[in-house]
Amino acid sequence: MDLVFRDAEVVDGTGGPSYRADVAIDGGRITAIVKEGAAAGCQRPTARRVVDAEGLALSPGFIDMHAHSDLALLRDPDHSAKAAQGVTLEVLGQDGLSYAPVDDRTLAEVRRAITGWNGYGDDIDFDWRTVGEYLDRLDRGIAVNAAYLIPQGTVRMYAVGWDDRPATESELDRMRQLVAEGMEQGAVGMSSGLTYTPGMYAKDSELTELCKVVAGYGGYYCPHHRSYGAGALEAYEEMVRLTREAGCALHLAHATMNFGVNEGRAPELLALLDEALDAGSDISLDTYPYTPGCTTLVAVLPSWASEGGPEAVLARLRDDETAERIRHHLEVLGSDGCHGVPMDWDTIEISGVSEGTLADWVGRRVDGWATARRLLLEDRLGTTILQHVGHEENVRTIMRHRVHTGGSDGILQGLKPHPRAYGTFPRYLGHYARDLGVLTLEDCVAHLTSRPAARLGLRDRGVIREGHRADLVLFDPETVGAGATYESPRTLPTGIPHVLINGEFVMEDGKRTNALAGRSVRRTR
């Protein structure tokens, strides 16, 4: 054998009780599991390398169901932000905006639109245009594995543009074609950002038609739905109804209940989902274990202010009369970009800027529209924010649900990113499972491994089982925890000495190796 973990406490991902065992790995797969007290004559496995795992837990690698590492994986071979957490697979292409499929025009526009998420990409060779070509690029070697969702907003940008209008029949046909091609090339499903332009301009009938294409390939729909604030429950119900009509599996992205209007209302969301599940709907969800959200400052503007794309937004912001209309929608009416809730500027903290001369703003709260407008103009829409609008009771209630999985929603850009980018998975294990007992360790690991693997249709990941891929994490249940804080958000976690991908150490004795063991993970029929 290549490797044996000796005397590990195996938390196998099924949710069942842990057990003590030796786990052997050869050729990138788990080849033997010999439990303590095995029948007489059953020899303990030997290997070229034996790791003493006494007192440590061995689990499947964690799957980040909502990641924004689309360019970070290409830019940063180290990628310790995720590798050090035990993440062995990220799902990219989130919130309806990413970099494939595109033509030259669409690529230029989407790079501008999500600069705050991923940077502009001056350091990236954008040598792909299709989903398949992007996945091929990942296959040259990346820190962790990656799956991809077709971004519906990018597809609409490609076929329709930035206009707030229904698609014509020929445009809808073109979008169907782009989605089908992406699924054929290995995407696992389709995402939407229905508070982001231009994806939010799509009516339900259009989304339903695209979901029918996704369903035909056995994929799933992952919407950032139309509101997480005012009308959040109605927005969740809309997605349940839409996917039921399309016959498509549904995975609800960062399924929170935020803002003051939703305090204590998580049980209402879960009751809605339970009713749909009991009626036969195929639904799952992900959340991050924190209360604040994170997005771009431009995202909170009303959708009409973003019609036409980034340059049109900047032109409206420069015009005093139009800027006053934007302020009125934000502060009085409640912008659809801000989930229908009138803006409370005290909740907005600057987490990153694209223009270096504005760096002093990072970590400061926005004191009103005049400041926000100035930042949007001077930073050319590249500003990222933390939005302190969540509720701890809702966070804990939702993470207990039977279809819950973990997702970081981690934006790695900015001087002061949200700590969830570096801390989500050890925070689940340490703070919520060990310290608070919200979940048992076994149940928590299942949320982070086998459940997301099942949603992705991965039959040889997510559970420690002979024949499965050796995507594994060895951690100390007593010390595992998120090092990242709001003050020091890039601090790596504690208590995770070893992480393997395809049987290769990417973290060894708590340090990142040089291995680029990750590859694209493509859905097949």
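A strand here is a DSSP run of at least two residues, numbered from the N terminus. With that in hand, let's work through this predicted model.

**Exercise 1.** Find where Asp-7 lies and what stands out about its phi.

*Solution.* Start with the place: Asp-7 is part of strand E1, residues 3–10. Next, check the backbone: phi of Asp-7 is near 60°, a positive value in a residue other than glycine. To judge that, recall that most residues other than glycine have a negative phi.

**Exercise 2.** Place Phe-259, then decide whether it is buried or exposed.

*Solution.* Phe-259 sits in the loop between strand E11 (249–252) and helix H10 (266–278). Its phi is positive too, about 70°, although Phe-259 is not a glycine. Now the surface: the relative accessible area of Phe-259 is 7%. Buried means under 20%, so Phe-259 counts as buried.

**Exercise 3.** Locate the cis peptide bonds that Pro-101 and Pro-198 take part in.

*Solution.* Take Pro-101: a cis bond links Ala-100 to it, with omega about 0°. Pro-101 falls in the loop between strand E7 (87–92) and helix H3 (104–113). Move on to Pro-198, which is joined to Thr-197 by a cis bond, omega again about 0°. The loop holding Pro-198 runs between strand E9 (189–193) and helix H8 (204–216).

**Exercise 4.** Work out how compact the whole protein is.

*Solution.* Count the elements: 18 helices and 20 strands. Then compare sizes: the radius of gyration is 22 Å, close to the 24 Å that the globule rule gives for 525 residues, so the protein is as compact as a globular protein of that length. Finally, look at burial: 63% of the 525 residues are buried.

Notes
Residues numbered from 1 in each chain as written. Predicted model: local features only at pLDDT ≥ 70, side-chain atom pairs only at ≥ 80, totals over all residues. Heavy atoms only, no water. Helix = DSSP H or I, 4+ residues; strand = E, 2+ residues; numbered from the N terminus. Rg over C-alpha atoms; globule rule 2.2 N^0.38 Å. Buried < 20%, exposed > 50% of the residue type's maximum accessible area, 1.4 Å probe, protein only.
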